[in-house]
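Q: Got a minute to walk through this one with me? I'd like to start with a loop and then jump around a bit.

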Amino acid sequence: TLHLRMARRHKLFWTRVMKNQYSELNELGWNDWFAQRANCKSTESVARVAAVDRDQLLLVDQSGHFRAKLAGRYLHHHHLNQELPCVGDWVCVEKQSGDDFGVIHTLLERRTSLRRKSAGNIMEYQMIAANADYVLIVQSCHFDFNSNRLERYLVMVLEGGAEPIVVLTKTDLVAPEVLATQLAEIQAAGITAPIVPLSNVTQDGLDEVKRLLLPGKTYCFVGSSGVGKSTLVNLLVGRERMETRSVSGTGEGRHTTVRRELIRLESGALVIDNPGMREFGILGAEVGIASSYSDITAFASRCRYQDCSHTGEHGCAVLAAVHAGEINQDSLDSYLKLKEESAFNDMSYAEKRRKDRDFGRYIKSATKDLRDN
């Protein structure tokens with residue numbers, strides 16, 4: 001009985017300690033959702049991943065930044081890209097008092113994630129960021145504007161559970177009627193996310209972006225190279241954090257952002273800057289596609305056949321809506337293209353995972369035979 005009472009007191013003590021520690025992390029994006037799922041040991045503390053540099057990670061907690069590495073046991077049991085900590089993740093780390101280096105033992109459950117298919121023919125997920133509350137999709141009005149690419153970003157943002165915001169930069173380089181046409185094209189595509197036109201030169205629209213950034217919330221910036229992401233982050237930070245080169249004669253900017261990094265602004269908001277991404281492959285995005293094209297999926301539920309491809313079947317409610325002008329044909333074309341790409345990549349990914357499991361079983365069997373002999 002005495003041992004039981006002491007164990008209860010010990011558990012109560014550590015519960016209070018961890019609760020106090022967690023409350024001090026709110027400024028870094030911590031909230032009750034994570035607290036309810038935290039499973040760190042009494043010898044471990046919670047920290048957030050601010051950057052990943054090869055085999056080391058830069059973590060941040062209530063006391064500041066420090067370096068850490070993944071425990072060997074964790075690496076032994078987790079091989080996939082999406083199983084490894086990325087910028088924005090919360091982890092359980094063991095660090096001795098006064099030590100400036102820690103060992104990560106556990107990756108906490110992600111509330112949201114932003115990921116894409118790895119570039120090229122590799123059928124794997126590439127993690128971009130975790131636990132972002134909002135994702136700012138940055139496109140340039142001058143050279144980069146592409147509503148189809150915007151839709152691809154929106155699909156993956158919605159798939160991961162974050163809220164999208166569209167930022168159209170370099171408005172000073174286009175005529176007002178061009179910007180108006182682009183805004184109309186976005187609306188015609190059925191995109192309902194907030195849209196902020198912005199000029200990093202004149203700073204028109206900057207105050208509106210700042211008003212969107214709330215203390216304790218995390219904002220991830222994504223977009224192609226040279227659209228002004230890093231320049232915008234510099235303006236928000238209030239200093240020249242990253243070296244940026246002058247805009248070229250074509251209006252295409254160049255910068256040297258080479259890694260993802262979590263930055264806390266003076267306002268209390270947290271931002272994640274990203275290197276430019278020309279390729280944004282769709283993988284495992286059924287939910288994101290359905291959310292991004294909610295008007296099409298609503299009509300699809302009325303189709304005569306459940307497996308309707310919306311390409312010519314009798315009784316297709318989607319095609320009827322197109323003919324009635326209730327759905328834009330370009331939007332349907334984009335929807336079908338993304339569905340086809342997602343299905344193909346999902347099938348290829350499942351086949352790759354099956355081959356990986358078969359190979360793993362073969363290695364175990366061969367190793368066992370060697371030991372027996």
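Q: OK, where does Gln203 lie?

A: This is a predicted model, and in it Gln203 lies in the loop between β10 (195-197) and α6 (206-212).

Q: And is Gln203 buried, exposed or partly exposed?

A: Gln203 is partly exposed, because its relative accessibility is 40%, and the band for that label goes from 20% to 50%.

Q: How far apart are the C-alpha atoms of Gln203 and Thr169?

A: They are separated by 10.0 Å, with the two positions 34 residues apart along the chain.

Q: Before I go on, what pLDDT does the chain average?

A: The average is 80, and 74% of the residues score at least 70. Over residues 242-257, though, the pLDDT is below 50. That stretch still has 36 contacts in the model beyond near neighbours in sequence.

Q: Switching to charges: how many salt bridges does the structure hold?

A: Six. One of them pairs Glu27 with Arg264, where the closest N and O atoms are 3.6 Å apart. That pair links distant parts of the chain, 237 residues apart: Glu27 is in the loop between α1 (2-23) and α2 (32-35), and Arg264 is in strand β14 (residues 261-264).

Q: Is Glu27 buried or exposed?

A: Exposed, because its relative accessibility of 51% is over the 50% cut-off. Its partner Arg264 is partly exposed, with a relative accessible area of 43%.

Q: Which residue does Arg37 meet in a salt bridge?

A: Glu109, at 3.5 Å from N to O. Here too the pair links distant parts of the chain, 72 residues apart. Glu109 is in the loop between β5 (101-107) and β6 (113-117), while Arg37 is in the loop between α2 and β1 (45-53). Both count as partly exposed, Glu109 with a relative accessible area of 47% and Arg37 at 33%.

Q: What about Asp144 and Arg149, buried or exposed?

A: Both are buried. Their side chains meet in a salt bridge too, at 2.8 Å from N to O.

Q: Back to β14. Which strand is it joined to, and by how many bridges?

A: Four bridges join β14 to β15 (residues 270-273), and the two strands run antiparallel. Arg264, the salt-bridge partner of Glu27, stands opposite Leu270 in β15.

Q: What does Gly268 do in that hairpin?

A: The hairpin has five residues between the strands, and Gly268 takes a positive phi near 100° there.

Q: New topic, packing. How many residues does the largest nonpolar core have?

A: It has 58, and the residues with the most contacts inside it are Trp90, Leu114, Val135, Ile137, Cys220 and Val318. Helix α4 (residues 147-160) gives the most to this core, with six residues. Apart from it lies another core of 20 residues, including Tyr219, Leu232, Ile263 and Val271.

Q: Leu232 is in α7, right? How many residues of that helix are buried?

A: Yes, Leu232 is in α7. Seven of the nine residues in α7 (residues 229-237) are buried, so the helix is mostly covered, with buried meaning under 20% relative accessible area. Along with Leu232, the buried ones are Lys229, Ser230, Val233, Asn234, Leu236 and Val237.

Q: And what follows α7?

A: Gly238, with a positive phi near 90°.

Notes:
Residues numbered from 1 in each chain as written. Heavy atoms only, no water. Salt bridge = Lys/Arg side-chain N within 4 Å of Asp/Glu carboxyl O. Buried < 20%, exposed > 50% of the residue type's maximum accessible area, 1.4 Å probe, protein only. Pairing = 2+ DSSP bridges. pLDDT = per-residue confidence, 0-100. Contact = heavy atoms within 4.5 Å. Core = buried A, V, L, I, M, F, W, Y, C linked by side-chain atoms within 4.5 Å.
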